[in-house]
Amino acid sequence: MLDGKNLVLAVPTSSGKTLVSEICMLKAILERKVKAVYLVPLKSLAREKYDEFRKYEKLGILTAMSVGDYDSPGAKLSDADILVLTTERADSLICHKPEWIDDIGVVVVDEVHLVNDPSRGPTLEMVIAKITQMLPNIQLIALSATIPNAEDIAAWLKAELVRSSWRPVPLSEGVLFESKIRFSNGSSRPIRHARGEELADLVCDTLDENGQVLVFVSSRRSAVSVANRTVPIVRPYISRSSMETISQASGRIAGGPSAPEASKVLAKMMQAGVAFHHAGLTGPERTTVEDCFKGNLLKVIVATPTLAAGINLPARRVVIRDYRRYEEERGNQPIPVLEYKQMAGRAGRPKYDQYGEAVLVARTEEEYDFLMDHYVSSEPEEIRSKLASESAIRFHLLSSIAGEMTHNREEIDRLMDGTFFSYQFNRWEIDHYISSALDFLEEGRLVGRSKNDELYATGLGERAAKLYIDPETAILFRDALSEVEAFHPLGMLHLICSTPDQPLTHASQAETEDCEVFIGDHEGEFIVDISEQMDDYEEYPRFLAQVKTARMLNDWISERTERSITEDYDVGMGDVHRYIEAADWLIHAASEVARVTGRSQLIPSLHALQVRVKNGVLPELLELVGLRGVGRVRGRMLFNHGLRTLSDLYRAPVEEIARVPAIGLTIAESIKHQLGFETSDAGDKVPATSERDDQSASAQTLLEEFEDEDS
Ligand SMILES: Nc1ncnc2c1ncn2[C@@H]1O[C@H](COP(=O)(O)OP(=O)(O)OP(=O)(O)O)[C@@H](O)[C@H]1O
Ligand SMILES: [Mg+2]
């Protein structure tokens, strides 16, 4: 390790793999004056590592973290010695080619088994291939607890393999069946069956012994509903003083009347000692939940697999409630053993517990046998490259050409030689994907050829790569926008929903007719020619999903409440915001495409639509929501009270503004302050971002008032 060799560590969960990588990073930074990159798959994990590495600040070693939005090259990253990055962020940074990239001397790939993940694995493989091609002399350290074919990973990375089965804290894995957890080592533990649900029994049993529980479920919707059901069970275990401390912490995430429903529900649940955790949480929500759990204030977290890998939490018991997950076209499928082992590995972490337990729940004897054989007593599956995918290859070829990493087929082939795919299979098996991706990019005019036959990215190609959008999205935008002079918002939202980058909500059989009526009523508003899709039997369900999602977004910008949208469209709480965030980003991307394709005249209306989508407002509120601390709820209140423009607000006395429901003095003063008036200090206290972040007491009281009115 200290000789700078490449290493693969295949060692159990919680055994301290991070520490090994830290030693390598420190040695390289101190002796060779290079930078170290620490790659992680999850935002929560990035934050945990970032917090941990900051202890080296006293040695003058700086750590920076970047996980967020894709488009801008990080500024402070240039000063840092250790960069903690999510895989996608690293990929996008490589495309921006910051000058410090040559300073990288060590790359740690945490949770390297992610290569096996169909949606994110290809990016990880390509990031590693790109980095090793650019910087052939770096030291690579790959970490994972769950790779049976670690030899393959080691051979791919030209690394030495270190394998061990030592785990510092014992972990027992078992299955609960007929009020007894039976562990793989033959021992068992009775669980008092006092409630209707096994999960409740397991939670009480752990809480009675002063432990904390982490429950894994398969969807965001279940995370919220299971957490909600757990509230009455956990509440009696929370002391009054804990409740007050949590209340202060959770107040920070639920402030402001325009806060998403899910944030309000989360804050309320937390006061009973329970939280849900999924990828839809905002950064502050995630950290608050994790910190409260680490501080033993929260007793139970119900999470999707977003907490499954790498994280250190004080969970003495992990309950894997769902071992099946819904997959499009395949229905409910058992999750991979690898994923189960990762979840199980969150129990019993050295910092927090002396032992850990991972429990699955069986209802029948057959199920018990299946869970025991298939999960508890099984080895994880072998890792296999998932790069053989048309869309992945297309995406990464464009970025390698735009990043001037490859200029011709030979260089592309050499880059692809560095992937796990080429190691595991034969590169020629993806040659046809490469050829067809190149054809696609050239035909779509994202890539061109110079006189000496060198490949280069066109203006649009370069933009698409930097925006980190699917090449197909860029082409769709360019073609659609080249034809329209003006657009109806619904048409634009539908265009957004027609791209592969927008998540969609599925339209059920029962919704089909309603959807068709809607299409008939709005036929003239679509930008995309829908006649073909309507006749394509295979594409029809996707087409309906696109229309349904566009319609939902259209309701959002027509100021329908989040709660009624959630009910009408049968989507999970918090999901609405997932669609909104993606659409917000894609409208931004569309306006960038308009800019580089000579359609700048569309930018103002695209920009207005983006603000409407971000805030969920009708056009008449656009001016008001430009103010800090004013979102859809306060904007509407002001408007309905006759304060419709910034000049109305400019003229109105602060007391009058403060009297408007949901406003209050703090916000009123902030508004005046923003309009250039000298006010007391209060005006500065409103956070810079949005109404969602507001914490003022007046807003809190008025929130309840407003909620009644809302419902
Ligand atoms: N030598 C050590 N002595 C005491 N505690 C340690 C030691 N090494 C690591 N730890 C602690 O053990 C915990 C687990 O370490 P770490 O997060 O590196 O596990 P890991 O091997 O990466 O597991 P996973 O596969 O789950 O990611 C951390 O809280 C870490 O601080
Ligand atoms: Mg780890």
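Here is a short walk through the ligand site and the two largest cavities of this predicted model.

**Stop one: ligand 1.** Select ligand 1 and show its shell of 17 residues; Ser14, Lys17, Thr18, Asn312 and Arg349 come nearest. Now turn on side chains and look at the ligand's oxygen atoms. One sits 2.7 Å from an N or O atom in the side chain of Lys17, and for the side chain of Arg349 the distance is also given as 2.7 Å. Add Glu111, where an oxygen of the ligand is 3.3 Å from a side-chain N or O atom. On its own, ligand 1 has 640 Å² of accessible area, and the protein covers 73% of that.

Next, colour by domain. Domain 1 (7-163) and domain 2 (171-376) both contribute to the shell, so the ligand lies between them. Helix 1 (residues 17-32) gives the largest share, three residues. By type, the shell holds four nonpolar, seven polar and six charged residues.

**Stop two: the largest cavity.** Go to Ala262, Ser263, Gly280, Leu281 and Glu285, the closest to its centre among 14 lining residues. The volume here is about 120 Å³. Highlight helix 9 (261-270) and helix 24 (575-596), which each give two or more residues to the lining. Domain 2 and domain 4 (471-616) each supply at least three. The lining is mixed: five nonpolar, six polar and three charged.

**Stop three: the second largest cavity.** This one is about 80 Å³. Select its lining, including Val37, Leu85, Trp100, Val127 and Met134. What types of residue do you find there? Twelve nonpolar, no polar and no charged. Strand 2 (35-40), helix 3 (87-96) and helix 4 (121-134) each supply at least two of them.

Key
Residues are numbered from 1 along each chain as its sequence is written. Chains are lettered from A and ligands numbered from 1 in the order in which they are written. This is a predicted model: local features need pLDDT of at least 70, side-chain atom pairs count only at pLDDT 80 or more; totals for chains, interfaces and linings use all residues. Side-chain values use heavy atoms; hydrogens and water are left out. A residue is near a molecule or strand if one of its heavy atoms lies within 4 Å of it. A polar contact is a pair of N or O atoms within 3.5 Å; within protein, one must be able to donate a hydrogen and the other to accept it, and residues adjacent in sequence count only if both atoms are side-chain atoms. Accessible areas come from the Shrake-Rupley method with a 1.4 Å probe; for residues, only the protein chains shown count as cover. Helices (H or I, at least four residues) and strands (E, at least two) are DSSP runs, numbered from the N terminus. Ala, Val, Leu, Ile, Met, Phe, Trp, Tyr, Cys and Pro count as nonpolar, Asp, Glu, Lys and Arg as charged, and the others, Gly among them, as polar. Domain bounds come from an automatic or database domain assignment. On a 1 Å grid over the protein atoms alone, a cavity is a set of points where a 1.4 Å probe fits but cannot get out, and a pocket is an open set with protein on both sides within 12 Å along at least five of seven lines; lining residues have an atom within 4 Å of a point. Grid points are joined across faces, edges and corners, and a volume is the space filled by probe spheres set on the points.
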